[in-house]
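Q: I would like to learn how to read a model residue by residue, and then pocket by pocket. Could you take me through this one?

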Amino acid sequence: LEPLELPVPTATPRPAPTATPVPTATPEVTAAPAVQAAPQETPAPTATPVITAAPAAKTKLTKDDVVSNGDRTQRKIAITVDDCDNIALLEQIHALSVEEAVPITYFVIGNKFEAKDKALWTDVIAHGSEIGNHTWKHSKLLKFSNANAHTQVRKCQEQVDMVLGYHYPLRLLRPPYGEYKNNQRNFLPMFEQYGVEKVVLW
């Protein structure tokens, strides 16, 4: 028998192992810091203006506006000075008024209210005292015509304004000798035209 020639087995090549990739570290993502908004400046509150109603205009000066005394149930007095033509004496009265903090009403005669005394009168007003109308020449109004009576009241107001340098309303009027009406005439409507609010007697 002839020996059979067996084929020499050949080795089956094995595929070379592939390297397992080494896992790479996942980079850590950190949140970016929040951007803070710049603080906004709070506007300062503004004061709301208070609106007050204007006082009602007085329409008529009546006999109830003619006064010779105040409320007698109260222990109060009003100090008044008439004419005001003696400046040296007025300076003493005003100094005492300031010292005692007691306001005074000065009823001035227009033609005696002079520019040289402006400083005194300015200080009188600054300390809370008041100036009133005692007419231009301290004459009895009822002896004048209506036109001349107007002049007596008007010129006193104009003189006060001229000396002070601004309009100072003379709200109070004291008619010389207390005369302002008779059976034929009544000067209350005329006083009203010049801003008088009270006629002050004694």
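Q: Is G132 buried or exposed?

A: First, a word on the source: this is a predicted model, in which local features need pLDDT of at least 70 and side-chain atom pairs count only at pLDDT 80 or more, while totals for chains, interfaces and linings use all residues. Residues are numbered from 1 along each chain as its sequence is written, and side-chain values use heavy atoms, with hydrogens and water left out. As for the terms, buried means under 20% relative accessible area, exposed over 50%, and partly exposed in between, with a 1.4 Å probe and protein chains only. G132 has a relative accessible area of 0%, so it counts as buried.

Q: Where is G132 placed, and which residues is G132 in contact with, leaving aside its neighbours within four places in sequence?

A: G132 belongs to strand β4. Helices (H or I, at least four residues) and strands (E, at least two) are DSSP runs, numbered from the N terminus. Contact means heavy atoms within 4.5 Å. Leaving aside neighbours within four places in sequence, G132 touches Y106, F107, V108, L170 and L172. The C-alpha atoms of G132 and V196 are 9.2 Å apart, with these positions 64 residues apart along the chain.

Q: What is the relative accessibility of N133, and what lies 3.2 Å from a polar atom of its side chain?

A: N133 is in strand β4, which covers residues 130-133. Its relative accessibility is 2%, so N133 counts as buried. A polar contact is a pair of N or O atoms within 3.5 Å; within protein, one must be able to donate a hydrogen and the other to accept it, and residues adjacent in sequence count only if both atoms are side-chain atoms. Here a polar side-chain atom of N133 lies 3.2 Å from the backbone oxygen of V153. Beyond neighbours within four places in sequence, the contacts of N133 include F107, V108, V153, C156 and R174.

Q: How should I read loop residues, and where is P175?

A: Look at the place in the chain, then at the cover. P175 is in the loop between β5 (172-173) and α4 (188-193). At 0% relative accessibility, P175 counts as buried. Outside the four nearest places in sequence, P175 is in contact with H134, L141, Y180, V199, V200, L201 and W202. The C-alpha atoms of P175 and F187, twelve residues apart along the chain, are 9.9 Å from each other. S139 is in the loop between β4 and α3 (146-164), and its 11% relative accessibility makes S139 buried. Leaving aside neighbours within four places, S139 contacts F144, Q152 and P176.

Q: Which sign of phi do most residues other than glycine have?

A: Most residues other than glycine have a negative phi. D83, in strand β2 (residues 80-83), has a positive phi near 75°. D83 is partly exposed, at 23% relative accessibility. A101 also has a positive phi, near 55°, and lies in the loop between α1 (87-100) and β3. At 66% relative accessibility, A101 counts as exposed.

Q: How is empty space found, and what is the volume of the largest pocket?

A: Rolling a probe the size of a water molecule over the atoms shows where empty space is left. On a 1 Å grid over the protein atoms alone, a pocket is an open set of points where a 1.4 Å probe fits, with protein on both sides within 12 Å along at least five of seven lines; lining residues have an atom within 4 Å of a point. Grid points are joined across faces, edges and corners, and a volume is the space filled by probe spheres set on the points. The largest pocket has a volume of about 580 Å³. Its lining has 19 residues, and S68, N69, G70, I77 and A78 lie nearest its centre. The elements that give two or more residues to this lining are β3 (105-108) and β6 (198-200).

Q: What about the second largest pocket?

A: The second largest pocket holds about 170 Å³ of space. Ten residues line it, and the closest to its centre are E192, Y194, G195, V196 and E197.

Q: How many helices and strands does the protein chain have?

A: The protein chain has four helices and six strands, in the order β-β-α-β-α-β-α-β-α-β from the N terminus. Of its 202 residues, 29% count as buried.
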